[in-house]
Amino acid sequence: MSVSEGGSGALTLRRTTMSARRRTARKSILDVNDVKTIASRALAECKGGIANKKWRREIDALDRSANFSQEALWHFQDLQARLGLSTTRPIVLPVDSQPFWHRTEQPFANYQSSDELPAAVDVAIIGAGLTGAGAAYRLKDAGLKVVLLDQGDPAGEASGRNGGNFELLPENSVGIYEGLAPGRFKFMKVRYPHVPAEVLQAVSERQASLVLGLALRNRDLLKETIFREGISCDFSPKGWLHIASSEIEEQGICDEVSLAAQHGQRIAIWSRGKIAAEFGIDAAFLGRFIPGDGTYHPFKYVCGQLSTALRDGIGLYTRTKVFRIDSVSPDDHRLVTDRGTISARRVIVATNAFTPDLLPELSAIEPYQSQILVTEHVVDRARGRIVTSDSGPVFFNQPRQGARKGSAPLLMGGAADRPMKNPSSRRRSPAVHEQLMKLRNSFYPELAGRPPSAEWIGPMAFTPDGLPCIGILRPGLIIAAGYNGYGGSYTTAAGHAAAEMAITDQVPEWLPEEIFSPRRFLSDEPLFLTERAGLWRVAVSLSRQIQSVNRQLSEALTLRQSAPAVAKTTAQIAGPAGESSAADNVEPDALLKFASFSKYSLAEIRELLRLMRRWDLPEDSIVFTEASPGGSCFVILEGSIDVSTASRGQQQILATLNAGSVFGQMSLIDNVPRSATCSVRSKAVLLEIVRGPCEDLLRGGSPLALKFLATLNEGLILALRGADLRLMQLDRAEPISGPEQASTYRGTAGV
């Protein structure tokens, strides 16, 4: 009979609490045993773990009047938390530090596929979390001998200690979040302060698109795996609400609508009224809602993938610590463990925050810890959706495990992520606990005074540029780690990508190496400025930016009629008139004296000259006209060149280029028609390189090729800066007049 029904149950309750009160009077302080006695009876008699009226009255009375030892108070607040009761006392750190996800029984505790480790395998995966399980699942049908090793039990670290979210837009940012692309730009400026802002802008836009594509692929693979294998993991793709914390951020999340649309994704902007109606949150700013994102049970998801992988022949060895990896050859990597050595043809390192312990050269991947608390029996306002905000920052959801009759547990994390020396640490911060409680009460004010039932630490891995680390470190050794707190957005796709690399030895094209490779942490120079693929993509992006700005500039000049008009050429001219000559008779010093070529060696200049043709052009001659076929670029050795474009029937001079300038590279790089007309202002000597020899040079990837591509980019950067400057001056209505106005704007032009 329950307490609420009276009878013997009520009598037992009265005796228990009266006894506790007598002991309080006699001993003055209740100890742990007293509290445990009360708790065992209360929990046994309260159906569904929710306090009935009589227990609520008795526990509230003890809370107001009893004296507790410190340890007894912890246990008493644990009882209040589990029963959904409030306290009048300061709320201490919960007794329970077990993650919410680990309340589910571990089916692979101390699991060993065989008594002894195999001596040799095709693929060894280190780390049985979300990434490692994803890789094992992908490899199960590859016809290879695969083992999965973990120093503990599966999903024992970050994969079982996170917030249970999967999100389309990983919002790593520096300072105020202004949208994914602006956030990337801020991150890159901090990471690479010496790189020109124009390059970082171009790279950041591309990174934002790649990150969004990766997160979208991850979400699709996650959903596909769950449905195909019938994994019961409380999957709830009900949506993600991000609430802005400033007007600047409001603009940023509005801009993301177009970025997501490019990937076929729909983002809704929610008003404050809509947020209040859906979540009961009084928001100060609008929000962004992404359907299809949501929550899941990461521990159950890992175990579901492992069950399928083990059924199909993957080997699992838990509580097996790997001390080091000795790469004897590209096809022989020795994993030294506490149970012996395994030889593997390919190795996938999926150890996230623990990666630097195994591979010290990746010390740039730094461990951080997050802190998450759970409150029981909360009105289910989130209903399987995620809420995040930079006010805190904070993230929270109400997982489907434990959701019933209009209530559900509330998981809330955030405040300040802290660096940690030991990723195995479980030490919780009282200061972060206080922050989390304030955040919880601000979003759920009805919970003020309610102790959380558990609070735990989760290790994360942060990278210097805020991007995940997925790629080949050296032949046969593949890394998938460094998710910057967004494992739910990356890990399934990262595991599948790592498996593909183990099978093919090729990096998927959707994970370009200059952006995601672990090798980017082995040098202070960014890979996107030291490898051909990265430099070429930067050049293409810069070219397109210049075309856009030049169009705006031409329109503005025409409207203001502030630029000198020149005679419009109606005939299309694709190249200079007359005959060119070989450029190998040009003295190398003629190029070396210019800043753009000063870093070349004498031999490199000579080799470059052998690929070029020389043009000696008289004043007023045309080099090429706007919209003509391109396919080459020029270096000005002597003289000057006018760059002009047609707008509203007039030909407007955009810039005048002097000796040392490079022009025409936009057409060469992006394979588009000329975007402007170039004519000789004063007698000029030009050097031309056409697409064929240029592509042959760049395809080789030699030091000369990289230098020349960097030179083309430098020219594009200067052209973009010049055009931007002039456009800003026009926007500010600064006077530009007089016969020398065109020569005021000197530099380079992509055209």
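Which residue lies over the face of Trp510, and at what distance from the ring centre? I looked this up at the start and found Arg217 there, at 4.0 Å from the centre of the ring. I note that the model is predicted, and I read every entry below with that in mind. A second contact of this kind turned up at Phe279, where the charged end of Arg385 sits over the ring, 4.0 Å from its centre.

**Aromatic pairs**

I then searched the whole structure for aromatic pairs, and the search gave 17. One of them joins Tyr296 and Tyr301, an edge-to-face pair with 5.7 Å from centre to centre and 75 degrees between the planes. I checked the accessibility of both partners: Tyr296 has a relative accessible area of 3% and is buried, and Tyr301, at 0%, counts as buried too. I looked at Phe624 and Phe663 next, whose ring centres are 6.0 Å apart and whose planes stand at 40 degrees, so I entered the pair as tilted. Phe624 belongs to strand β23 (residues 622–624) and Phe663 to strand β26 (residues 662–663), so this pair ties together parts that are 39 residues apart in sequence. Both Phe624 and Phe663 are buried. Returning to the two tyrosines, I found that ring pairs link Tyr296 and Tyr301 into a cluster with Phe166, Phe227 and Phe235.

**Strand β19 and its partners**

How many of the residues of strand β19 (residues 477–481) are buried? I found five of its five residues buried, and I recorded the strand as mostly covered. In a regular strand the side chains alternate between the two faces of the sheet, and I therefore sorted the residues by side. Leu477, Ile479 and Ala481 lie on one side of β19, with Ile478 and Ala480 on the other, and both faces are covered. I followed the pairing outward: strand β11 (residues 340–349) runs parallel to β19 and is joined to β19 by three bridges, with Val347 having Leu477 as its bridge partner. Strand β18 (residues 469–474) pairs with β19 in the antiparallel sense over five bridges, and here Gly471 has Ile479 as its partner. β18 and β19 form a hairpin with two residues between them, and in the turn Gly476 has a positive phi of about 90 degrees.

**Helix α5**

I asked whether helix α5 (residues 130–139) is enclosed or open; nine of its 10 residues are buried, so the helix is largely enclosed by the rest of the structure. Among the buried residues I listed Leu130, Gly132, Ala135, Tyr137 and Leu139.

**The second largest pocket**

I noted about 500 Å³ of space in the second largest pocket. It is lined by 21 residues, of which Leu529, Lys599, Ala710, Thr711 and Glu714 are the closest to its centre. Helix α20 (residues 703–731) supplies the largest share of this lining, eight residues. By type, I entered the lining as 12 nonpolar, five polar and four charged residues.

**Backbone**

Most residues other than glycine have a negative phi, and most peptide bonds are trans. I found a cis peptide bond between Gly392 and Pro393, with omega about -10 degrees, and placed Pro393 in the loop between β13 (386–389) and β14 (394–397). Asp234 has a positive phi of about 55 degrees and is found in the loop between α7 (197–229) and β4 (240–243). Asp505 has a positive phi of about 65 degrees, lies in the loop between α13 (487–504) and α14 (513–516), and at 38% relative accessibility counts as partly exposed.

Definitions and conventions
Residues are numbered from 1 along each chain as its sequence is written. This is a predicted model: local features need pLDDT of at least 70, side-chain atom pairs count only at pLDDT 80 or more; totals for chains, interfaces and linings use all residues. Side-chain values use heavy atoms; hydrogens and water are left out. Buried means under 20% relative accessible area, exposed over 50%, partly exposed in between (1.4 Å probe, protein chains only). Helices (H or I, at least four residues) and strands (E, at least two) are DSSP runs, numbered from the N terminus. On a 1 Å grid over the protein atoms alone, a cavity is a set of points where a 1.4 Å probe fits but cannot get out, and a pocket is an open set with protein on both sides within 12 Å along at least five of seven lines; lining residues have an atom within 4 Å of a point. Grid points are joined across faces, edges and corners, and a volume is the space filled by probe spheres set on the points. Ala, Val, Leu, Ile, Met, Phe, Trp, Tyr, Cys and Pro count as nonpolar, Asp, Glu, Lys and Arg as charged, and the others, Gly among them, as polar. Rings of Phe, Tyr and Trp (its six-membered ring) pair if their centres lie within 6.5 Å; planes under 30 degrees apart count as stacked, over 60 as edge-to-face and the rest as tilted. A charge sits over a ring if NZ of Lys or CZ of Arg is within 6 Å of the ring centre and within 35 degrees of the ring normal. Two strands pair if DSSP finds at least two bridges between them.
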